[in-house]
Structures are given as C-alpha cells and as structure tokens.
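Trainee: I should like to take a close look at a single part of this model. Could you please guide me through the sheet, its strands and what lies around them?

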Amino acid sequence: SQNEDNTIEVAVSVMPISIVNEYVEALHQAEIEPIAFEVESQAIARSVVSLSEKGAYVIININPHKAGVYIVKKGIVVFTSTILLDEYNRDGYTIEIYLTREIEKILLFWETYLGDEIKQTEHISAIRVVGYNDSWNSIINYLSSELTVRVQVANVWVNTFSLKDYVPEIKKEDSLRFAAAIGLALPISQE
C-alpha cells in the first residue's frame with residue numbers, strides 16, 4: 001500500500017519450494033491449473049479485520065497443537081509466529097500461562113520494533129482470536145485477564161455481510177474454525 005509520504009509498503013510471504021511443488025503437483029494431477037497461492041495468515045486477516053480498520057491488530061489462530069500469532073497493520077500481515085502448544089508443560093506451565101507469556105514476548109517485540117514517531121498510530125488496538133482448542137474458553141478468559149490489550153473472539157463475517165441483516169446457520173464457535181476459508185473466498189482489497 002502507498003503511504004502519504006509516497007513510500008510503498010510491500011508484504012512478502014516465503015515458503016520452501018519443495019512444499020509449493022507438492023501443491024502444484026497435486027493440483028496438476030487433479031487437472032487443476034493453480035493461479036496463485038496465499039498464506040493462511042493473510043486469508044484469516046482478510047476475514048477478521050474490517051476493511052475500514054486501519055490500526056494494528058494481533059490475530060491468534062488457536063489449533064489443537066499450535067497457535068499462529070499474526071500482527072496485522074492496515075489489513076496486511078506484517079509479522080507471524082507459531083507457538084507450539086505441546087511444549088507448554090515442559091516448564092510446568094498451564095497452556096494458558098504458556099500462551100500468554102509467548103504472546104507478551106511478541107507484543108514486547110512489536111512495541112520495541114516501532115520507532116517513537118509511529119508508536120502512537122500503530123500500537124496494537126486489539127487481539128482477535130480464531131480457531132479451536134480443547135482449552136479454548138479458559139485460554140480466552142486467561143488472555144483477557146492477563147494482557148493489557150483488549151482480547152476479543154473474532155467476527156469472521158465482518159467483511160462478508162452484516163449480522164444485523166443475516167445470521168448464518170453455523171454456530172459462531174464453529175465459524176471460527178473456518179476463518180482462513182472465509183478469507184480466501186473474499187476478494188483482495190484494492191485500496
């Protein structure tokens with residue numbers, strides 16, 4: 001995206017060529033010609049950050065064995081990290097404490113990374129959570145009580161339709177598992 005000072009910010013995603021080749025080969029065997037690939041973090045960001053929101057957000061994608069943590073600025077993923085949840089008990093922590101400590105490190109990195117001149121406009125506005133884990137509710141409650149940033153369960157429909165006009169048949173907690181698929185179905189913003 002082009003900034004007011006005529007600088008251009010570019011997001012670059014990297015993946016090992018061996019993995020890309022596996023996907024290409026599988027698609028070719030199914031007689032499908034791939035046009036583009038997109039990383040999960042950007043698809044999720046497109047589904048849970050409103051097009052009108054210009055601040056910085058953290059998205060936590062909780063899964064049974066890992067959590068993806070993505071920092072999104074102006075709708076673009078600018079940082080990603082993966083936290084392996086299976087490692088939480090090696091230091092005697094609960095999964096909630098372990099995840100919170102790892103997220104605190106990422107928040108500290110972000111605040112340290114920002115220069116003083118942009119800290120005021122690009123601090124983390126909120127943390128949005130998607131995905132699913134057996135400890136889902138206790139994780140959300142613990143994050144909310146321990147972090148200084150507002151933690152909220154994401155609305156994966158924010159860029160699709162108004163929940164005032166239409167309520168999908170899927171339960172909210174089930175829809176959180178499909179944040180990436182919903183984001184992939186949305187057009188890429190041309191702002």
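Mentor: Asn61 is found in strand S1, which covers residues 56-62. Please bear in mind that this is a predicted model. With a relative accessibility of 5%, Asn61 counts as buried, because that value falls under the 20% cut-off. Leaving aside residues up to four places away in sequence, Asn61 touches Glu40, Ile44, Lys66, Ala67, Gly68, Tyr70, Val130 and Gly131.

Let us now turn to the sheet as a whole. Strand S1 is one of 5 strands that form an open sheet, and their order is S3-S2-S1-S4-S5. The pairing within this sheet is mixed. Strand S3 (76-84) and strand S5 (151-153) stand at the edges; each has a single partner strand, so one side of each is left without a neighbour in the sheet. On average, neighbouring strands of this sheet are turned by 25° against each other, with direction ignored.

Consider next the two edge strands and their partners. At one edge, S2 and S3 pair in the antiparallel sense over 8 bridges. Lys73 has Ile76 in S3 as its bridge partner. S2 and S3 form a hairpin with 2 residues between them, and in the turn Lys74 has a positive phi of about 55°. At the other edge, S5 pairs with strand S4 (residues 124-131) in the parallel sense, over 3 bridges. Here Arg128 has Gln152 in S5 as its bridge partner.

Helices also belong in this picture. Helix H3, made of residues 95-113, lies across S1, strand S2 (66-73), S3 and S4. Helix H3 runs at about 150° to S3.

Another helix, H2, spans residues 40-48 and includes Val48. Is Val48 buried or exposed? Val48 is buried, because its relative accessible area is 2%, which is under the 20% cut-off. Not counting residues up to four places away in sequence, Val48 touches Glu53, Ile59, Arg128, Val130, Ala154, Asn155, Val156 and Val158. Val130 is thus among the residues touched by Asn61 and among those touched by Val48. Although Val48 and Thr160 are 112 residues apart along the chain, their C-alpha atoms are separated by 10.0 Å.

For contrast, one may look at Val12, in the segment before helix H1 (17-29). Val12 counts as exposed, because its relative accessibility of 68% is over the 50% cut-off. Together with Ile8, Val10 and Val14, Val12 forms a nonpolar patch on the surface, and these residues have about 480 Å² of accessible area together.

How values were computed. Residues are numbered from 1 along each chain as its sequence is written. This is a predicted model: local features need pLDDT of at least 70, side-chain atom pairs count only at pLDDT 80 or more; totals for chains, interfaces and linings use all residues. Side-chain values use heavy atoms; hydrogens and water are left out. Patches are made of residues with over 30% relative accessible area and no salt bridge: like charges are joined within 9 Å, nonpolar side chains (Val, Leu, Ile, Met, Phe, Trp, Tyr) within 5 Å. Accessible areas come from the Shrake-Rupley method with a 1.4 Å probe; for residues, only the protein chains shown count as cover. A salt bridge is a side-chain nitrogen of Lys or Arg within 4 Å of a carboxyl oxygen of Asp or Glu. Helices (H or I, at least four residues) and strands (E, at least two) are DSSP runs, numbered from the N terminus. Buried means under 20% relative accessible area, exposed over 50%, partly exposed in between (1.4 Å probe, protein chains only). Contact means heavy atoms within 4.5 Å. Two strands pair if DSSP finds at least two bridges between them. Axes are lines fitted to C-alpha atoms, for helices over the stretch in contact, and angles run from 0 to 180 degrees between N-to-C directions.
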